[in-house]
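Hi everyone, thanks for coming. Let me put the structure up, and then I'll walk you through some side-chain contacts.

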Amino acid sequence: MATLRLDGEGAPVGASIAAEEITLIQWREGVRPVAAGFALAIPNTEDIAQLSEAVTEAATIILAFPAFMDGRAYSQARVLRERFGFRGEIRARGALVPDQALFMARAGFTALEIGDADPAPFLDALGAYSVFYQYAADAALPAHHLRARRRQAA
């Protein structure tokens with residue numbers, strides 16, 4: 001399973017680090033990996049706000065996209081980054097479409113499981129836009145900030 005890992009700006013940086021993976025069901029049954037740095041797979045039907053203990057102990061959170069039209073995992077990633085301040089890897093798994101890669105990076109995902117898909121379309125999509133109008137979980141400044149900086153520098 002090929003995984004495209006991204007940095008904070010959505011640029012590819014290589015393969016993901018393998019971690020022991022458990023599901024949320026296993027977590028609820030009391031399974032706790034011995035090694036630090038485990039990955040927790042969470043279905044997109046879960047309310048992330050109710051899982052603070054589980055997500056703070058995991059190094060990697062894997063969020064599901066069961067269908068490309070189901071975007072609930074975007075909201076989960078934003079909650080992890082913005083409300084919990086989660087700094088670990090957030091990995092997208094499932095029905096990933098290259099056209100959505102940039103939006104996943106902006107929502108806070110740092111890795112995409114692309115299977116045997118060609119990474120080129122995903123990489124192309126990540127570079128489709130360089131300026132945005134709104135804040136997001138990534139580090140990109142909105143266009144109005146960039147314009148203000150340019151005016152101040154002039």
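Okay, start with helix 3, residues 72-83: Arg78 and Glu82 both sit in it, 4 residues apart, and that's about one turn of the helix. Keep in mind that this is a predicted model. The two side chains form a salt bridge, with the closest N and O atoms 2.6 Å apart. So are these two tucked away or out in the open? Well, Arg78 has 30% relative accessibility, so it counts as partly exposed. Glu82 is partly exposed too, at 47%.

That's one salt bridge, and the structure holds 7 of them. Let's move over to the strands. Arg91 pairs up with Glu113, and here the closest N and O atoms are 3.3 Å apart. This one links distant parts of the chain: Arg91 is in strand 6, residues 89-94, while Glu113 is in strand 7, 22 residues away. Both Arg91 and Glu113 are buried.

Now, Glu113 has another partner. It also meets Arg93 in a salt bridge, at 2.7 Å from N to O. Again the pair links distant parts of the chain, with Glu113 in strand 7 and Arg93 in strand 6, 20 residues apart. Glu113 comes out at 8% relative accessibility, and the limit for buried is under 20%, so it counts as buried. Arg93, at 27%, counts as partly exposed. And which residues end up in one network through shared salt-bridge partners? They're Glu21, Glu89, Arg91, Arg93 and Glu113.

Right, on to the rings. A search of the whole structure turns up 3 aromatic pairs. Take Phe65 and Tyr74: their ring centres are 5.3 Å apart and the planes sit at 80°, so we call that pair edge-to-face. Phe65 is buried, with just 1% relative accessible area. Tyr74, at 19%, counts as buried as well.

Phe65 also pairs with Phe109, where the centres are 5.6 Å apart and the planes are at 50°, so that one is tilted. That pair reaches across the chain: Phe65 is in strand 5 (residues 60-65), and Phe109 is in the loop between helix 4 (101-107) and strand 7 (111-115), 44 residues apart. Phe109 counts as buried, at 2% relative accessibility. Put those rings together, and Phe65, Tyr74 and Phe109 form one aromatic cluster.

Last thing, a charge meeting a ring: Arg32 lies over the face of Trp27, 3.3 Å from the ring centre. That's me done, thanks!

Technical notes
Residues numbered from 1 in each chain as written. Predicted model: local features only at pLDDT ≥ 70, side-chain atom pairs only at ≥ 80, totals over all residues. Heavy atoms only, no water. Phe/Tyr/Trp six-rings, centres within 6.5 Å; stacked < 30°, edge-to-face > 60°. Buried < 20%, exposed > 50% of the residue type's maximum accessible area, 1.4 Å probe, protein only. Helix = DSSP H or I, 4+ residues; strand = E, 2+ residues; numbered from the N terminus. Lys NZ or Arg CZ within 6 Å of the ring centre and 35° of its normal. Salt bridge = Lys/Arg side-chain N within 4 Å of Asp/Glu carboxyl O.
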